[in-house]
Amino acid sequence: MVITMKKLNLISLAVVVALAGCSDDDDKIDSLTVENTLAVGSEQCINGGIETLTGEDTNKNGELDDDEVTATSVACNDPATSLNAQQLAPLTTNTWFKEAQTKLATSEDNIANIVKESGKAKNVILFVGDGMGISTVTAARILAGQLEGKLGEEHQLSFETLPFSGFAKTYNVDAQTPDSAGTMTAMASGVKTDVGVIGIDEAVVNGNCLSGKGHELITSLELAEIAGKSTGIISTARITHATPAATYAKAANRNWEDISDMPESEAANCEDIASQLVNFEENLTARFPSVDIDGIEVVMGGGRRHFLPKDAAFNSADAVSSVEGDRTDGRDLTAEWQAKYPNGQYVMDQASFDAIDVVNTKQVFGLFNESHMQYEADRSNDIAGEPSLSQMTATALDILDNNDKGFFLTVEAGRIDHAHHAGNAYNALNDTIELSKAVQVALDKTSIEDTLIIVTADHSHVFTIAGYPKRGNPILGKVVAVGETEPSLAADNMPYTTVGYTNGGGFRDLGEETDAEAGYNFAPVTGRVDLTDVDTQSPGFHQEALVPLSSETHAGEDVGVYARGPGAHLVTGTNEQSFIFHVMDYAADLVKQADEKVAN
Amino acid sequence: MKKLIASLLLISPLASASQCALESQYVQANYQVNSEQTTNNTLAQAQQFTLWRTPHQVAEQGSELVEVWQQLSNQQIRPIRYFQAHQRGIEYQPSEVQGEQDWSTKYQLVSDDFIAKMTLKSEQGEGCEQLQNYQLVQGDTKIELAWLVNKKLLSSMRISKPQLTQTLTLDKVKFDKAAVMQQFANWDSFQTTDYADIGDNEGDPFLAKMINLGFIEHGASGFYDAGGKALGGGHSH
């Protein structure tokens, strides 16, 4: 047998075994066997092993020389099933690794401790960031971190710390890219419907009041009312706007916010949204006469115009129109509400809000603006002053938790959507950060044991985070590449921002202007703009847009859903948006409890 | 100018400055805007607009578009844009008063700050008829302004550039409070939409048109052409 020999003492751990011991017979040739340990990663065995050489010691030197080997065999180790501490050290000492291990343990605890049984949520809070798509959450997270002096990317908004999350498919029954009316109806009632429709199923013809008769949906808030829980609605938009309205109203057209918005033919047969809010108790009682319903405890938002007569005599202190009210039926719904709830408090500014007695107050009706409330960054410019979303959330919870049977609260950050429509990321992100603060208030004031908190969006916007900016680059700034200090230049030799819009009004440079809508003075900007000398991080900067439209549009991709509390484990995977209602119902037994009330 | 003088007779010419200002709070002023090429004297543009105002509301009414500004108690300005053919309006959030948001710019078409920068060349009349003539030369642009100081009303403005001359001339003015209030009430009856809500109302044909085609861009102090493009060189900010 011809052996191609190599040096046998290659392996330091080589073992030489004499199969035959010393012999008196000098002519006898000993057979020898040598075992070499093969290292992990060796050519013969990737996981290491043993190489066995056998042969005869023909030169009688007591060693198996290369030319004496007659046979070679290799026994490879099985694949490694574990690594030792030394091998793992590069991982286990790494901060990313350690943080993920900690998170893993926390996640395991979350799964182990989650209350899976239905009906265990005494309280339910649904937060909705209007237009808060995934890119908005990401950018707001980075901005929030950077405002705290961090690089930003590693930061977490309050609701990103919630233990369970999933995705919601937002399309409306008749629309690929949805609007708030159809999406919030899905979340509030568990049934998807058409774009522009509030609280009625898809059988309705948009704008045709009578077509919706018999197709009205019952909402989670209404179920909670029937069940005897306290209920609340908060929004920074008009309280009659699509998202908050979907919790209490039925309307074949989202714009029927007061009677002056309705064609006479429709007003003759259907009630406007503002009126439905004030008449909520009577309307729900009419549907379920056997149940003692006490009305919505907390209503706070904007939209005073829809509750006041079109008469300057009814103007509030911070009216912005010469005639604040829009109602053409002469009704003052704020007075009607006060007459229904004589012990309730109607508030319209910061001072009256601050004076609310949260222990003894049963009902609060807060209308802080003629139309939408201010952007958080613009709030200081309000004439009479108005509370922030987090302040309203805190006050609402302090009132609602006075009910031993629990509560149901919906909180909407309504102006994220408006800032995006105006192509102004600054306000969209800052209002998202304020939503994060409001969620933190709820997390601090409630228990994971008995309160289901869900945070989500109704739909997304065509808002993008693009380019290759380096870590920690200001999220509202121009793209500066890794290792660079000056902005990257595009093919047109001009810098560009990290965040931007696929469509909309495009570039505006309004400096310190905090009102996102101040950009209206300009037609849509087509084409690129040289941003070299522009401070893109200023409140009044409006990002560039590809397709010129006067108003930036919604986007059709999924939105995130984040949850904590009993039943939160059901928020996982990709689901229809209507699934959110069913999670809330499972957690709080809303239908079951309401059924029992109606039956009794 | 004869028309102007005749209209001014509606207010006593002997009125004191303060009385004159009080009596001219409610204004309907028709202006003629001309733009001509200096080189060949051809009339390139000719259009009209009406300035309406009350103490805290101003409107510039063109043939299609009406721009309304309302002054709030905290001095913010709240804009509204009416589309007369559609009897619809777009309402905006009040903006902070800064730069071109100066109320005097809206109220009298030319800001107090700009007048202060000009040189008073001559003065004539008294009371409500007191007329001041100002001039300012900036590079190759000469701006001449005739200012009814006690009415806070622009009588005329002429902007001369090497290639182009633009003039703004007060054609007719009335101080009829009832008529002015009726006009504002008429616009107020139009169906309005918050600017913030346009993006959520693509199903509304009027608003969809706004979204897809854009708004007609308004020009400063009525100096805009039929396409909505500012003629430029109007009052300074």
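How many helices and strands are there in chain B? Chain B has 7 helices and 12 strands, where helices (H or I, at least four residues) and strands (E, at least two) are DSSP runs numbered from the N terminus. This is a predicted model, in which local features need pLDDT of at least 70, side-chain atom pairs count only at pLDDT 80 or more, and totals for chains, interfaces and linings use all residues. Residues are numbered from 1 along each chain as its sequence is written, while chains are lettered from A and ligands numbered from 1 in the order in which they are written.

Of the 237 residues in chain B, 39% are buried; a residue is buried if 20 or more other C-beta atoms lie within 10 Å of its own, exposed if 12 or fewer, and partly exposed in between, with C-beta atoms placed from the backbone.

Chain A holds two open sheets, compared below. Two strands pair if DSSP finds at least two bridges between them. Axes are lines fitted to C-alpha atoms, for helices over the stretch in contact, and angles run from 0 to 180 degrees between N-to-C directions.

| Sheet (chain A) | Strand order | Pairing | Average turn between neighbouring strands, direction ignored |
|---|---|---|---|
| 3 strands | β14-β15-β18 | mixed | 20 degrees |
| 10 strands | β9-β10-β8-β7-β11-β5-β12-β20-β6-β21 | mixed | 15 degrees |

In the sheet of 3 strands, β14 (463-465) and β18 (545-548) of chain A stand at the edges with a single partner strand each, so one side of each has no neighbour in the sheet. β15 (residues 499-504) of chain A pairs with β18(A) in the parallel sense over 3 bridges, and A:Asn503 stands opposite A:Val547 in β18(A). Helix α3 (residues 134-147) of chain A packs on this sheet, touching β14 and β15 of chain A, and its direction makes about 50 degrees with that of β14(A). Contact here requires C-beta atoms, placed from the backbone, to lie within 7 Å.

In the sheet of 10 strands, β9 (345-347) and β21 (574-576) of chain A are the edge strands. β9(A) and β10 (residues 364-367) of chain A pair in the parallel sense over 3 bridges, with A:Phe365 in β10(A) as the bridge partner of A:Tyr346. α15(A) lies across β5, β6, β12, β20 and β21 of chain A, running at about 175 degrees to β12(A).

α15 (579-588) of chain A, together with α5 (220-226) of chain A, packs against the buried residues of α16(A). In α16 (residues 590-599) of chain A, these are A:Leu590, A:Gln593 and A:Ala594. They cover an arc of only 100 degrees around the axis, taken from the directions from the helix axis to the C-beta atoms, which puts them on the same side of α16(A). On the other side of α16(A), A:Glu596 and A:Ala599 are exposed.

How values were computed: Two residues are in contact if their C-beta atoms, placed from the backbone, lie within 7 Å.
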